[in-house]
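Below are some notes on the fold for your review. Please read them alongside the sequence and the coordinates.

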Amino acid sequence: MEKKNRTVGLVGCGLLGRIVAQDIAGGLISGYRLAGLTDVDADLAKQLAAETGGTFCAGLGELLAQKPDLVVEAAGGPALRELALPVLRAGASLIPLSIGAFADEGFCEEVRRTAEEQGVRVYLPSGAIGGFDLIRAAKLHGELRATIANDKPPRSLQEAVPYPLPEDREEPLFAGSAREAIARFPKNVNVAVAAALAANGPGETRVTVSSRPDLSAPRHTIRLEGAFGQAVIQVDPKAGENQRSSTLAAYSVLALLQKLNDTIVFL
Ligand SMILES: NC(=O)c1ccc[n+]([C@@H]2O[C@H](COP(=O)([O-])OP(=O)(O)OC[C@H]3O[C@@H](n4cnc5c(N)ncnc54)[C@H](O)[C@@H]3O)[C@@H](O)[C@H]2O)c1
């Protein structure tokens, strides 16, 4: 099988975008070349372009003019809403990280329809967790019950919760659907929406959010129960510079790109 030399465009050059760009440029995965990079913070994009040999693009239009085969979004929910349809209409496949935007059924459907019309795809990376293979298999036979718990250190919820959270005890903050969760915590529960999309959908999959001072980084736990039995998938990322994000989410984009070229494919 011929390994294509595909080109990747990147929107968002923050923590996760930087890892993706640097690893593609460094040759961590074979068969890919970095095309354009863009960010609303032009200096950030210029700097990353200089470091990686990618082309600085002043905006999405310039990036799409580079005719990338795939575009990675690492810029946030509002950016994903703006770029998804133009990217697909330009004939590029899309790898979004701000998957919370897909909790909006109308948007999700428009993206699906546009991708289908254009003959391109939307690849959802497993992001800060994993186990989408298991969820999809378990869902095929009988009812699947799925719950997703987001347990976070109080400081990683600072932006989302406008009052001081206790430092000496757990504080449950939310229980409801994944769709309600992303509306309330737009930057904190992308992973829950991604898992919910794989499971019973954002309106039907239960999500909890808790403040946990005993944790040094956000913990994600998916609990599944169905005809197959039971499963628990839990990830405790290493505490890092950015308490909101997990570097695993960037690695999951790189692993996804690698799968698209693999001969023996782990799905
Ligand atoms: N799917 C997952 O499991 C998962 C896990 C962690 C983070 N995320 C999401 O991934 C995204 C990136 O995370 P991060 O930690 O790298 O964030 P970050 O804040 O470090 O970087 C985001 C970058 O995007 C840029 N940006 C914002 N709006 C833009 C726009 N309209 N066009 C171009 N650039 C724009 C910002 O200037 C910034 O440099 C966030 O939305 C985050 O919530 C998803």
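The points below deal with the sheets, the helices packed on them and one helix pair.

1. This is a predicted model, and the points that follow should be read with that in mind. One open sheet is built from five strands in the order 3-2-1-4-5, with parallel pairing. Strand 3 (55-56) and strand 5 (93-96) are at its edges. Each of the two has a single partner strand, so one side of each lacks a neighbour in the sheet.

2. Within that sheet, strand 1 (residues 6-11) and strand 2 (residues 32-38) run parallel and are joined by five bridges. As an entry point for checking the register, R6 has Y32 in strand 2 as its bridge partner. Helix 2 (residues 42-52) packs on this sheet, where it touches strand 1, strand 2 and strand 3. The direction of helix 2 makes about 160° with that of strand 2.

3. A further helix to inspect is helix 4 (residues 77-89), which lies across strand 1, strand 4 (70-73) and strand 5. Helix 4 runs at about 160° to strand 5.

4. How do helix 1 and helix 9 cross? The axes of helix 1 (residues 15-25) and helix 9 (residues 247-261) come within 8 Å, and the crossing angle is roughly 40°. Because of that angle, helix 1 is oblique to helix 9. The crossing of the two helices is right-handed.

5. On the helix 1 side, the contact is made by L16, I19, V20, D23 and I24. Helix 9 contributes T247, A249, A250, Y251, V253, L254 and L257. Sorted by class, the contact of helix 1 with helix 9 has 10 nonpolar residues, one polar and one charged.

6. Another open sheet of five strands has the order 7-8-6-9-10, and its pairing is mixed. Its edge strands, strand 7 (171-177) and strand 10 (229-235), each pair on one side only. Neighbouring strands of this sheet are turned against each other by 15° on average, direction ignored.

7. Which way do strand 7 and strand 8 run relative to each other, parallel or antiparallel? Strand 7 and strand 8 (residues 206-211) are antiparallel, and six bridges join them. In this pairing, F174 has V209 of strand 8 as its bridge partner.

8. Helix 8 (residues 190-198) packs on the sheet with the order 7-8-6-9-10. Helix 8 touches strand 6 (145-152), strand 8 and strand 9 (219-226). The direction of helix 8 makes about 170° with that of strand 6.

Notes. Residues numbered from 1 in each chain as written. Predicted model: local features only at pLDDT ≥ 70, side-chain atom pairs only at ≥ 80, totals over all residues. Heavy atoms only, no water. Pairing = 2+ DSSP bridges. Helix = DSSP H or I, 4+ residues; strand = E, 2+ residues; numbered from the N terminus. Contact = heavy atoms within 4.5 Å. Axes fitted to C-alpha atoms, helices over the stretch in contact; angles between N-to-C directions. Parallel < 35°, antiparallel > 145°, perpendicular 65-115°, else oblique. Left-handed = near helix turned anticlockwise from the far one by under 90°. Nonpolar A, V, L, I, M, F, W, Y, C, P; charged D, E, K, R; others polar.
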